[in-house]
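Me: I should like to learn how structural features of a protein model are read from its coordinates. May we work through one example together?

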Amino acid sequence: MTTVQVRNYVIPNPLRMCSKAILSKFIFLFVALTISWSAQAAADIKVGQDLFKANCASCHNKNMKDNLTGPALGQLDVNWSKYPRTDLYKWIRSSSAMIAAGHPRATELWGQWKPTVMTPFPALTDEQIESILLYVDGVYKGEYPPKSKEVNATGVKDGAKDTGFSSYIYMALLFILVLLAVVLTRIVTNLNHLVDVKEGKTPAEPKSIYAILTSKKVIGFVIFALIVLGGYTTVQNAVALGRQQGYEPEQPIKFSHALHAGTHKIDCQYCHDGARRSKQSIIPAANTCMNCHRAIKKGSLHGTGELTKIFASIGYNPTTDKYIDNYDKMSQKDIESIYKKWIVSNVEEGDATAAANEQWDEIRKSLTNEQKKNVQGPIEWKLIHKEPDHVYFNHAQHVTAGKVACQQCHGKVEEMEVVKQYASLSMGWCINCHRQTAVKFKDNKYYDDYTRYHQEMKDGKRDKVTVEEIGGLECQKCHY
């Protein structure tokens with residue numbers, strides 16, 4: 001069939017149109033699959049575990065097999081297998097939008113679980129969602145956490161997924177897609193050649209694969225794809241800049257929150273008393289530790305080893321039960337002799353001198369560094385939770401006025417041997433909290449001015465007032 005011109009309109013040859021349509025659709029599929037593959041390849045099951053605990057565990061059963069407030073998450077991939085992977089991402093980020101758009105799977109789930117609305121998580125990246133899905137799948141199949149830490153003959157820990165093998169599969173699929181792209185381009189070129197012959201034109205010889213790969217269109221597409229992928233990666237890394245969810249540094253002193261806050265039930269605000277009265281929760285000074293440890297001089301977990309670090313930092317002599325005069329002017333040699341004497345007196349078995357030398361080396365290592373040459377002075381704890389400078393956060397506003405429990409932001413610290421950052425502390429995480437959290441109006445003088453809301457609750461017109469409704473989403477509240 002040749003091209004026919006009618007009244008200045010050109011009717012394209014159907015064969016040529018078909019070939020171009022096939023190629024354009026394949027290119028779109030190739031880009032979508034490449035982006036999806038990048039997200040899945042970057043997934044980390046340990047990150048997924050932390051994200052699940054922070055965002056999903058309050059509504060979904062942790063065994064992934066039984067329903068809770070929300071449905072069991074096992075076989076989530078299977079249940080969404082009829083739809084593009086990106087649809088699952090959209091569902092997790094905003095289920096309400098998917099329901100409003102009439103998505104079949106979203107509508108089906110809403111019919112089963114209404115009026116319960118899934119919490120939106122707009123700040124989650126594709127990589128983070130894939131990490132959660134990897135964790136969910138691992139727990140559901142009983143493959144995570146690993147049953148054993150023994151390394152088998154293949155070099156993979158028993159009970160763990162061979163993520164390296166999965167990466168090879170994805171690389172092989174990517175290679176096949178590229179190969180298919182080249183083959184389809186070659187087919188399209190030959191089809192166009194046949195069309196030209198049929199139309200009576202003098203056709204050029206079909207292009208070789210090398211000519212196709214080095215053509216302007218292919219080079220242009222490669223450059224475009226690199227820009228898209230590079231931009232996507234840059235944006236994702238920029239969004240994650242400074243985020244340190246799961247950050248768990250080793251501190252200069254092995255302080256167990258599980259022992260102090262868990263076993264001994266010491267209130268968080270006893271040590272972090274700034275949380276109720278100021279912007280910062282404050283890191284407790286060594287004097288706070290001494291309120292207890294002037295009497296308790298030997299720890300239940302580490303003996304004298306860790307407590308002696310506190311004594312050495314502030315100049316307390318546990319042997320005489322007195323603070324040392326002019327401690328800041330003493331030589332390191334004299335200080336060493338004082339605390340080695342204390343350590344030796346508490347060694348019950350073995351070589352006391354060797355134990356004293358070992359403990360003193362650890363004390364010196366923990367209390368000194370390149371800038372701080374002497375053990376005297378404040379203990380340099382490593383900061384875990386930190387918001388960017390352009391973010392305003394006030395602990396007193398949340399703890400005293402809002403009556404927010406420490407665990408809501410910091411997790412179950414009373415179960416942590418080593419404290420880590422529990423939540424992402426991202427803007428999206430804060431906004432979601434403000435949208436969902438009910439203000440504690442009852443017997444709270446800080447909210448007496450909201451007379452209309454008090455009256456509406458009294459009249460039964462509403463059962464709660466969220467932080468969002470009292471200005472919790474106003475930009476200037478956090479970015480002044």
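Reply: Let us begin with burial. The model is predicted. Tyr 135 has a relative accessibility of 8%, and because buried means under 20%, this residue counts as buried.

Me: To which larger grouping does Tyr 135 belong?

Reply: Tyr 135 is among the residues with the most contacts inside the largest nonpolar core, which has 24 residues. The others named with it are Phe 52, Met 64, Trp 80, Trp 91 and Leu 124. At least two residues of this core are supplied by each of α2 (45–55), α4 (85–93), α6 (104–113) and α7 (126–140). The largest share, 6 residues, comes from α7.

Me: Which residues is Met 64 in contact with, leaving aside its neighbours within four places in sequence?

Reply: Met 64 is in contact with Phe 52, Ala 72, Leu 73, Gly 74, Tyr 135, Val 136, Val 139 and Tyr 140. A second, separate core has 22 residues, including Ala 312, Ile 338, Val 375 and Ile 379.

Me: How should I read a pair of aromatic rings?

Reply: The description of such a pair rests on the distance of the centres and the angle of the planes. A search of the whole structure finds 11 aromatic pairs. In the pair of Tyr 135 and Tyr 144, the ring centres are 5.8 Å apart and the planes stand at 80°, so the arrangement is edge-to-face. Planes over 60 degrees apart count as edge-to-face.

Me: Is Tyr 144 buried or exposed?

Reply: Tyr 144 counts as buried, at 15% relative accessibility. Elsewhere, one aromatic cluster is formed by Phe 441, Tyr 447, Tyr 450 and Tyr 453.

Me: What should I look for in the backbone?

Reply: Most peptide bonds are trans, and most residues other than glycine have a negative phi. Against that background, the bond that joins Tyr 144 and Pro 145 is a cis peptide bond, with omega about 0°. Pro 145 is found in the loop between α7 and α8 (163–198).

Me: Which residue in the loop between β3 (316–317) and β4 (322–323) should I examine for its phi?

Reply: Asp 321 lies in that loop. Its phi is positive, about 60°, although Asp 321 is not a glycine. Asp 321 counts as partly exposed, because its relative accessibility is 33%.

Me: What is the phi of Leu 425, and where is this residue placed?

Reply: Leu 425 also has a positive phi of about 60°, although it is not a glycine. Its place is in the loop between α18 (406–410) and α19 (427–436). With a relative accessibility of 16%, Leu 425 counts as buried.

Me: Finally, how is empty space inside a model found?

Reply: A probe the size of a water molecule is rolled over the atoms, and this shows where empty space is left. Searching the whole structure in this case finds 1 cavity of 30 Å³ or more. About 50 Å³ of space lies in the largest cavity.

Me: Which residues line the largest cavity?

Reply: The lining consists of Gln 75, Leu 76, Asp 77, Leu 133, Val 136 and Asp 137. The elements that give two or more residues to it are α3 (76–79) and α7. The largest share of the lining, 3 residues, comes from α7. By character, the lining residues divide into 3 nonpolar, 1 polar and 2 charged. Thus α7 recurs in this reading: the largest share of the largest core comes from α7, as does the largest share of the lining of the largest cavity.

Technical notes: Residues numbered from 1 in each chain as written. Predicted model: local features only at pLDDT ≥ 70, side-chain atom pairs only at ≥ 80, totals over all residues. Heavy atoms only, no water. Core = buried A, V, L, I, M, F, W, Y, C linked by side-chain atoms within 4.5 Å. Buried < 20%, exposed > 50% of the residue type's maximum accessible area, 1.4 Å probe, protein only. Helix = DSSP H or I, 4+ residues; strand = E, 2+ residues; numbered from the N terminus. Contact = heavy atoms within 4.5 Å. 1 Å grid on protein atoms, 1.4 Å probe; cavity = no way out; pocket = protein on both sides within 12 Å on 5 of 7 lines; lining within 4 Å. Points joined across faces, edges and corners; volume = space filled by probe spheres on them. Nonpolar A, V, L, I, M, F, W, Y, C, P; charged D, E, K, R; others polar. Phe/Tyr/Trp six-rings, centres within 6.5 Å; stacked < 30°, edge-to-face > 60°.
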